[in-house]
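Dear colleague,

Please find below the structure I promised to hand over. A summary of what was found in it follows.

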Amino acid sequence: MRGGSIEENRPAGQLVAMFQTSDVDNNANANQTFTYTLENILMKDYPFDVVGNELRTTRSLDFEKESFWKIFIRSTDSGGLHMTKSFRIVVVDGNDPPDAVRIIGPNYIPENSVHGTFVSELVADDE
């Protein structure tokens with residue numbers, strides 16, 4: 001597998017990795033072809049799909065929810081023989097926008113206060 005990481009918050013359809021299979025029979029059968037499938041998918045909204053020999057995303061990934069995924073890929077040769085191997089896909093943390101702004105302090109100002117009087121402090125929360 002070449003690749004194996006994806007930046008979070010990217011749209012669906014992103015290329016994550018490409019698969020290549022070595023087969024000891026390949027010299028005897030120069031026309032050997034391989035198909036790749038995902039195995040052991042245990043969730044409904046699985047974020048990956050195999051297209052040809054490419055692993056692509058089916059939705060945006062969020063580092064704060066899942067920083068990596070363990071996937072199982074089955075490689076099947078043209079004779080129907082197969083093997084399954086696990087891979088670790090790393091989700092790379094990106095710069096997320098702030099998700100909240102809060103006011104800290106009294107949040108009022110007395111009448112006739114001078115210019116520059118402290119009213120409150122604004123704080124932004126960022127995951």
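**Findings**

Among contacts in the chain between residues at least 6 apart in sequence, 52% join residues at least 24 apart. Please note that this is a predicted model.

As to the secondary structure, the chain contains 10 strands and zero helices. From the N terminus on, its elements therefore read β-β-β-β-β-β-β-β-β-β, strands being numbered in that direction.

With regard to overall dimensions, the radius of gyration of the chain is 25 Å, whereas a compact globule of 127 residues would have one near 14 Å. Taken along the principal axes, the box filled by the C-alpha atoms is roughly 90 × 25 × 20 Å. Of the 127 residues in the chain, 25% are buried.

I turn next to the core. In soluble globular proteins, nonpolar side chains tend to be buried together. Here, the largest nonpolar core comprises 17 residues. Those with the most contacts inside this core are F19, L38, F48, L55, I71, I73 and I89. Two or more residues of the core come from each of β3 (15-18), β4 (34-39), β5 (48-51), β7 (68-77) and β8 (82-92). I89 may serve as an example: leaving aside neighbours within four places in sequence, I89 is in contact with M1, G4, I6, V16, F48, L55, S67, F68, W69 and I71.

Two further residues deserve a note, M18 and D77.

M18 is found in strand β3. Is M18 buried, partly exposed or exposed? The relative accessibility of M18 is 25%, so this residue counts as partly exposed, the range between 20% and 50%. Beyond its neighbours within four places in sequence, M18 is in contact with M1, R2, N53 and E54. The C-alpha atom of M18 is separated by 62 Å from that of H115, and these two residues are 97 residues apart along the chain.

D77 belongs to strand β7. Which side chain of opposite charge is nearest to D77, and how far away is it? That side chain is R74, 11 Å away; D77 is buried yet has no salt bridge. A polar atom of the D77 side chain does, however, lie 3.0 Å from the backbone nitrogen of G79. Leaving aside neighbours within four places in sequence, D77 is in contact with D23, Q32, T33 and F34.

Yours sincerely

How values were computed
Residues numbered from 1 in each chain as written. Predicted model: local features only at pLDDT ≥ 70, side-chain atom pairs only at ≥ 80, totals over all residues. Heavy atoms only, no water. Core = buried A, V, L, I, M, F, W, Y, C linked by side-chain atoms within 4.5 Å. Buried < 20%, exposed > 50% of the residue type's maximum accessible area, 1.4 Å probe, protein only. Helix = DSSP H or I, 4+ residues; strand = E, 2+ residues; numbered from the N terminus. Contact = heavy atoms within 4.5 Å. Lys, Arg positive; Asp, Glu negative; His and termini not counted. Salt bridge = Lys/Arg side-chain N within 4 Å of Asp/Glu carboxyl O. Polar contact = N/O pair within 3.5 Å; in protein donor to acceptor, adjacent residues only side chain to side chain. Rg over C-alpha atoms; globule rule 2.2 N^0.38 Å.
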